[in-house]
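Morning, everyone. I'll take you through one chain today, from the overall picture down to single residues. Please have the sequence and the model open.

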Amino acid sequence: MDSFSEPYTRLGDDISIDEVRQKGKWHPSLGRVLHVCHYLPITATLNTRPGVPSPPATPPVKPVDSPLDDHATQTAAWTLTSRYGHAAMISGIRSLASTHEQLIIGWTGDIASPTQGETISSASVSEEDREALEKALMVYHPKESDPDDDRKTIYVPVWLDDKVAHGHYDGYCKQTLWPLFHYLLWQDVATEYASADSHYPYYESANAAFSRKIAEVYQPGDLIWVHDYHLLLVPKLVREAIPDATVGLFVHTPFPSSEVFRCLPRRKEILDGMLGANLVCFQTYSYSRHFNSTCIRVCGYESTSRGIDVEGHVTAVMHCPVGVDAERVGRDIMRPGIQPKLEALRTLYENKKIIVGRDKLDVVKGVLQKLRAFEKLLQDYPEWIGSVVMIQVTSPALTDSPKLERIVSELVAHINGEYGSLDFIPVHHYHQTLKKDEFYALLSVADLAVITPLRDGMNTTSMEFVIAQEKTNKSPSVLSEFMGISKNMEDALLVNPWNLGDVAAAINQATAHQSLYKVVTTHTSHTWAAVLVKMLLGVMGGQGQARRTPYVPREELMGRYEKAGKRLFLFDYDGTLAPIVKTPSMAIPSQPTLEALTLLSADPKNIVYIISGRDGEFLEQHLGHLENVGFSAEHGGFVRERGTKEWTNFTESLDMSWMEEVGEVFRYYTERTTGSHIEMKKSSITWHYRSADPEWGLFQCRQCQDLLENNLAHKRPIEVLVGKKNLEVRPIARILYQNPDAEFIFCAGDDKTDEDMFRALHLFPSGSTKATMEAPLSVTLIDGEGAPPVDLAIAPEAVFTTAVGHSSKRTLASWHVTTPQEIVDHMLDLVKGVGEGTRSSL
């Protein structure tokens, strides 16, 4: 499907909140929901300073220009009020409180002082006051909450050192990540001395503090939702602390293309942090597509139908749009203070069409482009001069930009000077935060809303405008196609904000009302929150919560090893004894690996084989000095028994003419896949595409695999194997038949080509404890036909098939370890543990 025509939402997203809350879809026994946000939706004021007696409590003063109708919760030590911002996210979270117990975990924010405009250092807040804040938060109940909710939302504060908090938020978040996610590089928004990496240690420290707090309050069964780009390292940190945790990550901002994201110095750390989640969710399909592409292109990870695969841990990637709290906005618009202001605006701009814009004064909000488009309207359609006004409200941005403010003011003055007169001012610019009554009066009276950011995740003004207009003019909207919400607002006039002529033409023709009301009131912040939980539960239900491979049991492994009279070890090489590297020839064994193999093979009870797709020359070069280790090269095509230097060729009796046919196919795809190459071995042939464009290489691999399997494999004694960035064709071979008296088997591998070993070691029919093995092809080729079946001495519990990777990795292995180093550690534990046990018994 063309990615740009992908629907904005999926089937089932338009369910009502009540449907999601039904028993069976989301039952309370599933645990609490832990929402992890950058800061709590609460402003905390410490009523006392250290060492100073507490003054008499005074009633909180309601600021006249506050955008919220607030009420305060006050204790002897603290005054708590609602924090302005992220209203849609917070209302969505709170809407779930009637169904589930919830925790909102967040930074306290700067601690306010009773003296207006001053703050108190977090380091000076005593432990007693910190405990008092936690108690005050337990009784805090925001005005927006439904008083009928029978469940309580608990607020959990995260305390950060002031330097860390501001280095994290004002530094790395606002100077590096936020510009990057909005297609700006840091040098575009900062001074020439700015560094993309200077604040990263603060970002890392803050994320670590959040993960520690999560680990403190976590209970088995909890769902953890991490919100936004401030906390992208948290999912991985939580995964390391709580391996079985169910973690979701929702990114509220846009996510850039891979070509932009790859400029970030800490790109791998950020992506790996995000991929610690079970589910990563974005506002739109295009953002999720960019994330997938970035993981593949920048980090080289594989994408499957289930998500991004990182060493066996699969992270699902989805999208789900955030809406506004339509019910609350609908109530606010009916407030008695709005109608007088609305009538005053109508009188002031009588007989004129009113165009409204409300944006932060930020480079990505497109205020300059909007004003130039309005100038283009007056220039191309002079009939509008004198009969249309633009009211542009700009609220202060998170990072002040005096230069941008000056340019906007100069452009406004230019337009008014060029097209205005004594009785007509075309542009009215107000750089201030409006009171709620004024804001909704302005939205209600407008004849057109022009909201044209250059890049935006979700823009609430566009949706609030639609709701405000339902009771008045039902006026249309001109929206930027670069807004995350634009795919869901297709009845609006969508424009490219850089094309001033098109924006001017859209303003000129926007005369009909678009039926957006149903969209805005259906996809609300409440349904967003419900769908998020539903999606995360769905992912966990389909993942192998499905089947998690348990970690290899050390004590049982040791016990079986000590009791066995003969032990068989089968190791893959790449990804098992040595980590995967971009250049295969650089995958050399480490010193601990060589030590472990030497000690393990020195025990006469142990038979150690390395079974690899590598050719014999590579194995001889790096491991050939290990005389007591047997080698199976090219996945069994060639074998060197332990104690010898001679290699046995199991393919001599086979017709190998197929290699030329396969080579011809591989050459065809190599010519058409830049960066790929062919590796010819004596008994197999491999096509590598690790250095090719990852998406094109994978596509070509699938095409080549399909061609080989459908046209060649069934005619010849070969099988086609897809490994890590390679496609291999080889004859079938087996080893176990030659060691039927083994009483302990440890077999370790890491990728799809090793599943063949695990499959061969599924020896026991269901319910049986005895196994018999027929002579495999590798035996009959040497000894001739008629080799008898053999009875195996092994017990089912003594076979340890072990996959290297995450516990959720799909594998036929019975156990898992996470990294190749853990395989080496287990080998050393076995030989050293037995040695110590022998010495202690003497």
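Of the 842 residues in the protein chain, 55% are buried. Keep in mind that this is a predicted model. The chain holds 27 helices and 34 strands. Now the contacts. Take those between residues at least 6 apart in sequence: 75% of them join residues at least 24 apart.

Let's start with the sheet. It is an open sheet of 9 strands. The order runs S8-S5-S1-S9-S10-S11-S14-S13-S12, and the pairing is mixed. Which strands stand at the edges? They are S8 and S12, the latter covering 302-304. Each has a single partner strand, so one side of each is left without a neighbour in the sheet. On average, neighbouring strands of this sheet are turned by 25 degrees against each other, direction ignored.

Go to S8, residues 153-158. Thr153 is found in this strand. Is Thr153 buried or exposed? Its relative accessible area is 8%. The cut-off for buried is under 20%, so Thr153 counts as buried. What does Thr153 touch, leaving aside neighbours within four places in sequence? Its contacts are Ala97, Gln102 and Ile104.

Next, S1, which spans residues 33-39. Leu34 lies here. Leu34 has 0% relative accessibility, so it counts as buried. Who surrounds Leu34? Leave out residues up to four places away in sequence. Leu34 then touches Leu103 and Ile105. It also touches Ile214, Val217 and Tyr218. Then comes a run in contact with Leu34: Asp222, Leu223, Ile224 and Trp225. One distance to note here. Leu34 and Val156 are 122 residues apart in sequence, yet their C-alpha atoms are 9.8 Å apart in space.

S1 also pairs with S9. The sense is parallel, over 4 bridges. Within that pairing, His35 stands opposite Trp225 in S9.

Stay with S9, residues 223-227. How many of its residues are buried? The count is 5 of 5, so S9 is mostly covered. Both faces are covered. Leu223, Trp225 and His227 sit on one side, Ile224 and Val226 on the other, and all are buried.

S9 has a pairing with S10 as well, residues 246-251. This one is parallel too, over 5 bridges. Leu223 stands opposite Thr246 in S10. Recall that Leu223 is also among the contacts of Leu34.

Further along the sheet order, look at S13 and S14. S13 covers residues 307-310 and S14 covers residues 313-319. They pair in the antiparallel sense, over 3 bridges. Ile308 stands opposite Thr315 in S14.

Now the helices. H2 takes in residues 87-95. H2 is mostly covered, with 8 of its 9 residues buried. Which ones are they? The list is Ala88, Met89, Ile90, Ser91, Gly92, Ile93, Arg94 and Ser95. Note that Arg94 is in that buried set.

Two helix pairs next. The first is H11, residues 326-333, with H16, residues 460-469. They pack at an angle of about 50 degrees, and their axes are 10 Å apart. That angle makes H11 oblique to H16. The crossing of H11 and H16 is right-handed. Where do they meet? H11 brings Ala326, Val329, Gly330 and Ile333. H16 brings Glu464, Ile467 and Ala468. By type, this contact has 5 nonpolar residues, 1 polar and 1 charged.

The second pair is H12, residues 338-348, with H15, residues 436-445. The angle here is about 50 degrees, with the axes 8 Å apart. So H12 is oblique to H15. The crossing of H12 and H15 is right-handed. From H12, the residues in contact are Ile338, Lys341, Leu342, Leu345 and Arg346. From H15, they are Asp437, Glu438, Tyr440, Ala441, Leu442, Ser444 and Val445. The division for this contact is 7 nonpolar, 1 polar and 4 charged.

To recap. The sheet is open, with 9 strands and mixed pairing. Within it, S9 pairs in the parallel sense with S1 and with S10. Among the helix pairs, H11 crosses H16 with right-handed geometry, and the crossing of H12 with H15 is right-handed. That's my tour.

Technical notes: Residues are numbered from 1 along each chain as its sequence is written. This is a predicted model: local features need pLDDT of at least 70, side-chain atom pairs count only at pLDDT 80 or more; totals for chains, interfaces and linings use all residues. Side-chain values use heavy atoms; hydrogens and water are left out. Axes are lines fitted to C-alpha atoms, for helices over the stretch in contact, and angles run from 0 to 180 degrees between N-to-C directions. Angles under 35 degrees count as roughly parallel, over 145 as roughly antiparallel, 65 to 115 as roughly perpendicular and the rest as oblique. A crossing is left-handed if the near helix is turned anticlockwise from the far one by less than a right angle, and right-handed if clockwise. Contact means heavy atoms within 4.5 Å. Ala, Val, Leu, Ile, Met, Phe, Trp, Tyr, Cys and Pro count as nonpolar, Asp, Glu, Lys and Arg as charged, and the others, Gly among them, as polar. Buried means under 20% relative accessible area, exposed over 50%, partly exposed in between (1.4 Å probe, protein chains only). Two strands pair if DSSP finds at least two bridges between them.
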